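Here are some notes to read alongside the structure, written for someone meeting it for the first time. Please keep the model open and look up each residue as it comes up.

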Amino acid sequence: MALDITTLSNDFAETGFAIAPNLFTRDEVQRLKLECIDILETVKAETGTVAGHGVCVGLAARSPVFQTAVGDARLLDILEGVLAPDIEFLSDKVVFKSKSMTFASPWHQDWSYWYGAHKVSIWVALDDATVENGCLKLFPGSHKSAIVHDGDADDGHGFGNRLRPGAVDENLAVTAEIEAGGAVFFHDLTLHSSHPNRSGEERWVWIPTYRDAKAEDEDYPWAVAAKVLRGEKLVS
């Protein structure tokens, strides 16, 4: 069944996120997952370790596979509706949970990590994402204003900006269970977190981030693979 981009755009405008089930095939995301594993092995060989909080940034900076994937027309067609006709890719990351990485991600807004112009990230499930293995939770309507975050709880889980426990009414949150290949597009002010991984199995996610190529914004030193994918970039 073809995705209704107008409906996705309306959902995004109202809630701050839009869920696109089965955007990629299982075979496609399995290839992306295997590429993630290869990248992590390379990082481990170079540095001797991989981040204990289960996040590795900069896949497209290392891999032609992800350099191509970030420009996939299925992503860009939806981004045109929720972001802008002029689309610039900034950076991407893999987030993985395993038997030894069971913790839930805390509630946070991504904007608190980069500020500047607002951006859209895409949470692409490389495995089936369920409540049991730590799928995404989102708070509808939270994209309309920035929220003051607390600092890192120093628990080794990363997330230097987070909301304190109990700050969000969990009864109002939306749980995004999606099959491998599904994707969640979300505004960088949309409050989100994840369920803990109680499954004893892996759960892998790829998250590329984009901005309006014509918006005035910061020059981010971490956006080493940034490139305009549709339209034109702002010329200052």
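**Notes on the predicted model**

1. Let us begin with one residue: T209 has a relative accessibility of 6%, and because buried means under 20%, T209 counts as buried. Please keep in mind throughout that this is a predicted model. T209 lies in strand β9, which covers residues 203–212.

2. What does T209 touch, leaving aside residues up to four places away in sequence? The residues in contact with T209 are E88, F89, L90, S91, W114, K119, V120 and S121. With S121 there is also a polar contact, in which the side chain of T209 meets the side chain of S121 at 2.6 Å.

3. Turning to the whole chain, the secondary structure consists of 5 helices and 10 strands, and of the 236 residues 50% are buried. If we consider contacts between residues at least 6 apart in sequence, 84% of them join residues that are at least 24 apart. The chain has an accessible surface of about 11200 Å², and carbon and sulfur atoms account for 51% of that surface.

4. Helix α1, made of residues 5–15, is a good place to study the two sides of a helix. Its buried residues are L8, S9, F12 and T15. They lie on the same side of α1, because the arc they cover around the axis is only 155 degrees. The exposed residues T6, A13 and E14 are carried on the face of α1 that is turned away from the buried side.

5. Which elements help to cover the buried residues of α1? Among them are the strands β1 (17–20), β4 (119–125) and β7 (183–187), together with the helix α4 (73–82).

6. The two ends of α1 also deserve a careful look. At its start, a side-chain oxygen of D4 comes to within 3.1 Å of the backbone nitrogen of T6, while after the helix comes G16, which has a positive phi near 95 degrees.

7. Finally, please trace the open sheet of 3 strands, whose order is β6-β5-β8 and whose pairing is antiparallel. Its edge strands are β6 (174–176) and β8 (192–194), each of which pairs on one side only, and the twist from one strand to the next averages 30 degrees. Strand β5, residues 136–138, pairs with β6 over 3 bridges in the antiparallel sense, and L136 stands opposite A176 of β6.

How values were computed. Residues are numbered from 1 along each chain as its sequence is written. This is a predicted model: local features need pLDDT of at least 70, side-chain atom pairs count only at pLDDT 80 or more; totals for chains, interfaces and linings use all residues. Side-chain values use heavy atoms; hydrogens and water are left out. Helices (H or I, at least four residues) and strands (E, at least two) are DSSP runs, numbered from the N terminus. Buried means under 20% relative accessible area, exposed over 50%, partly exposed in between (1.4 Å probe, protein chains only). Contact means heavy atoms within 4.5 Å. Accessible areas come from the Shrake-Rupley method with a 1.4 Å probe; for residues, only the protein chains shown count as cover. The arc is that of the directions from the helix axis to the C-beta atoms. A polar contact is a pair of N or O atoms within 3.5 Å; within protein, one must be able to donate a hydrogen and the other to accept it, and residues adjacent in sequence count only if both atoms are side-chain atoms. Two strands pair if DSSP finds at least two bridges between them. Axes are lines fitted to C-alpha atoms, for helices over the stretch in contact, and angles run from 0 to 180 degrees between N-to-C directions.
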